[in-house]
Amino acid sequence: MNNPDSFLGIDIAKDWLDVAWLSGQTLRIDYTDEAVAGLTERLLADPPSLVVMEATGGLETAVASALAAAGLPVAVVNPRQVRDYAKARGRLAKTDRIDALILAAFAAAIRPQVRELPDEHTRALGDLLARRRQLVEMRVQEKLRIQRASALQKASLREHIAWLDERISRLDIDLTHALRTSDAWRDKDDLLKAIPGVGSLTRATLVALLPELGTLTRRQIAALVGVAPFNRDSGKHQGDRVIWGGRAQVRRTLYMAAVSAMRCNPVIRAFYKHLRSQGKPAKVALTACMRKLLVIMNAMLKHHSPWSPELDLQHSC
């Protein structure tokens, strides 16, 4: 039987951490480097089987990285999964302490897979991508405002849009530089950039946010990104297949790559036309193209194969 103290849950707030053991013991510490270092030393003295915390928009990065760097098994999970688990157990109340206890119980019951956390350079690349995305969103809003702005406002808006254009261009240069100055990333970049429709932003996103690309089977990578169709059948009713979960930012970037590939990639274009000729709705066909493009990239990195329209996907598993 597993030691109940070997499963931990950590609920993360901006200023503190609530740590809970499966036995019911709880601890609150400040979210500072010194306190996290102290917690790490305590856990190293009696190593747990698993530490689980939720993805909280980046707040979890520092503590997860510190524990993982010390060799402790850490799993960062989707908050929706934990909340569904809590509801299934009838735990509807929600406090930081309760959340930490639920995370400990989730760790023991579900045993989420421990995945290697991004290193410092990969996190930095992700930060560049996040900042670029913020600036692009700002530019979209400013361009919408300029349509109804007064003459006085338009001058300021145009000035700001020009500044945003310049900053986005500089970030694009920084992203390309980061990809080309890393030996490991440069090899991936060289393989992926040969695929028609896969641009530099897509490649940077995959390197930073999907490091598992090239290490999983085609079904696993599709499910991880969230482009694998799931059945919705009951009795004699056969529901529509839908995609669910996954990494939203990767999926959004993959969507744009698939749209581009439908115009310039002979494999994806032919595949899309075939699906449409079979009566598949445009959205369904496009999602299938996203999945096919992802599987192609996964196969290329796994086998270190150059791009070819005749790439054999049957060996991508």
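**Helix packing and local contacts in the predicted model**

Helix 5 passes helix 6 in a left-handed crossing. The structure described here is a predicted model. Two packed helices are described by the angle between their axes and the distance between the axes. For helix 5 (residues 120–146) and helix 6 (residues 151–181), the axes come within 9 Å and the crossing angle is roughly 160 degrees. Because angles over 145 degrees count as roughly antiparallel, helix 5 and helix 6 are roughly antiparallel to each other. The residues that form the contact of helix 5 with helix 6 comprise 16 nonpolar, one polar and twelve charged residues.

Helix 5 also packs against helix 8, with axes that come within 9 Å and cross at roughly 135 degrees. This angle makes helix 5 oblique to helix 8. The crossing of these two helices is left-handed. On the side of helix 5, the contact is made by T122, L125, G126, L129 and R132, and on the side of helix 8 by L201, A204, T205, V207 and A208. By class, the contact of helix 5 with helix 8 consists of six nonpolar residues, three polar residues and one charged residue.

A further packing arrangement involves helix 8 (residues 200–209) and helix 10 (residues 248–264), whose axes come within 10 Å and cross at roughly 155 degrees. Helix 8 is therefore roughly antiparallel to helix 10. The crossing of helix 8 and helix 10 is left-handed. Helix 8 contributes L201, T202, T205, L206 and L209 to this contact, while helix 10 contributes Q249, V250, T253 and A257. The contact of helix 8 with helix 10 contains five nonpolar and four polar residues, and no charged residues. L201 and T205 of helix 8 thus take part both in the contact with helix 5 and in the contact with helix 10.

In the UniProt record, an unreviewed entry, the feature "domain: Transposase IS110-like N-terminal" is placed at residues 8–148. Over residues 8–148, helix accounts for 52% of the chain and strand for 18%. The C-alpha atoms at the two ends of residues 8–148 are 54 Å apart.

Electrostatic pairing was examined across the whole structure, where a search finds 15 salt bridges. One salt bridge is formed by R28 with D18, with the closest N and O atoms 3.0 Å apart. R28 belongs to strand 3 (residues 26–30) and D18 to strand 2 (residues 16–21), so the pair ties together parts that are ten residues apart in sequence.

The surroundings of Y272 were also considered. Y272 lies in helix 11 (residues 266–277). When residues up to four places away in sequence are not counted, Y272 touches M262, A282, A285, L286 and C289. For one of these residues, A282, the separation from Y272 is ten residues in sequence and 8.5 Å in space, C-alpha to C-alpha.

Notes
Residues numbered from 1 in each chain as written. Predicted model: local features only at pLDDT ≥ 70, side-chain atom pairs only at ≥ 80, totals over all residues. Heavy atoms only, no water. Axes fitted to C-alpha atoms, helices over the stretch in contact; angles between N-to-C directions. Helix = DSSP H or I, 4+ residues; strand = E, 2+ residues; numbered from the N terminus. Parallel < 35°, antiparallel > 145°, perpendicular 65-115°, else oblique. Left-handed = near helix turned anticlockwise from the far one by under 90°. Contact = heavy atoms within 4.5 Å. Nonpolar A, V, L, I, M, F, W, Y, C, P; charged D, E, K, R; others polar. UniProt positions renumbered as here; feature names shortened; annotations may be inferred. Salt bridge = Lys/Arg side-chain N within 4 Å of Asp/Glu carboxyl O.
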